Amino acid sequence: APPAAPPAGTNGASAEKKVTVAAATAKVKTTEAAYKKKPKDAVAKKAYAAALADLGHATMLDQSIPPAKRYPTALTHARKALSLDPANKQAKEDKKLIEDAYKQMGRPVPGAK
């Protein structure tokens, strides 16, 4: 018989992206402080954007947050990440996923212009 698959979140690929909201929030605070000290530093800006994208993603996946709060908050983080780094793949994917879900439900997209 083939070996049993490892429990979800234990293999390298998914464990790498499994970030808690608390950990992501802490990372946003440290990267935001570094970015504010050196706003012209492209590396600091990209790190802050990546931290925001991770926070948005963690928020989107956190089942303990009610959906009415979870998705608009995740969308806000994704949009802010994209305003800093328009090429951020995680933020792009999450923004599209959330906006598409609202559209499929026939509901207005939060914060849409």
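## Salt bridges

A salt bridge here is a side-chain nitrogen of Lys or Arg within 4 Å of a carboxyl oxygen of Asp or Glu. The side chains of K96 and D100 meet this rule, with N and O 2.6 Å apart. Both residues sit in helix α5, four places apart in sequence, so about one helical turn separates them. D100 is partly exposed, at a relative accessibility of 26%. Salt bridges with shared partners also link R79, K95 and E99 into one network. The structure is a predicted model, and by the rule above it has six salt bridges.

Another of these pairs is K36 with E32, whose closest N and O atoms are 3.3 Å apart. K36 and E32 are four residues apart in helix α2, which covers residues 21-37, and this spacing puts about one helical turn between them. The relative accessible area of K36 is 59%, which makes K36 exposed. E32 is partly exposed, with a value of 22%.

D85 and K46 form a salt bridge with an N to O distance of 3.8 Å. D85 belongs to the loop between α4 (67-84) and α5 (89-104), whereas K46 is in helix α3 (residues 42-61); the pair therefore ties together parts 39 residues apart in sequence. D85 counts as buried because its relative accessibility is 11%, and the cut-off for buried is under 20%.

## Overall fold

The chain contains five helices and zero strands. Read from the N terminus, the order of elements is α-α-α-α-α. Of the 113 residues in the chain, 30% are buried.

Contacts between residues at least 6 apart in sequence give a view of how the chain is connected: 55% of them join residues at least 24 apart.

## Nonpolar cores

In soluble globular proteins, nonpolar side chains tend to be buried together. In this model the largest nonpolar core has 16 residues, and the members that touch the most others are V28, Y35, Y48, L52, A81, L84 and A91. Helices α2, α3 and α4 each contribute at least two residues to this core. The largest share comes from α3, with eight residues.

A second core, of six residues, lies apart from the largest one and includes A74, L75, Y102 and V109. What does Y35 touch, leaving out residues up to four places away in sequence? Y35 touches A44, K45, Y48 and L84. Of these contacts, Y48 and L84 are also named among the residues that touch the most other members of the largest core.

## Helix α4

Helix α4 has 18 residues, which at 1.5 Å a residue should span 26 Å; the C-alpha atoms at its ends are 26 Å apart, in agreement with that figure. Its buried residues are R70, A74, L75, H77, A78, A81, L82 and L84. The cover over these buried residues includes α2, α3 and α5.

H77 is located in α4. Is H77 buried or exposed? With a relative accessibility of 18%, H77 counts as buried, because the limit is under 20%. Apart from neighbours within four places in sequence, the contacts of H77 are L52, L55, G56 and T59.

## The loop between α3 and α4

I65 is in the loop that joins α3 and α4. I65 counts as buried, since its relative accessibility is 17%. Setting aside neighbours within four places in sequence, I65 is in contact with V21, T59 and R70. T59 is also a contact of H77, and R70 is one of the buried residues of α4.

## Largest pocket

The largest pocket holds about 170 Å³ of space. Its lining consists of M60, P67, A68, Y71, P72, L97, I98, A101, Y102, M105, R107 and P110. Helices α4 and α5 each supply at least two residues of this lining. Y102, one of the lining residues, is also a member of the six-residue core.

Key:
Residues are numbered from 1 along each chain as its sequence is written. This is a predicted model: local features need pLDDT of at least 70, side-chain atom pairs count only at pLDDT 80 or more; totals for chains, interfaces and linings use all residues. Side-chain values use heavy atoms; hydrogens and water are left out. Buried means under 20% relative accessible area, exposed over 50%, partly exposed in between (1.4 Å probe, protein chains only). A nonpolar core is a set of buried Ala, Val, Leu, Ile, Met, Phe, Trp, Tyr and Cys residues joined through side-chain atoms within 4.5 Å. Contact means heavy atoms within 4.5 Å. The expected span of a helix is 1.5 Å times one less than its number of residues. On a 1 Å grid over the protein atoms alone, a cavity is a set of points where a 1.4 Å probe fits but cannot get out, and a pocket is an open set with protein on both sides within 12 Å along at least five of seven lines; lining residues have an atom within 4 Å of a point. Grid points are joined across faces, edges and corners, and a volume is the space filled by probe spheres set on the points.
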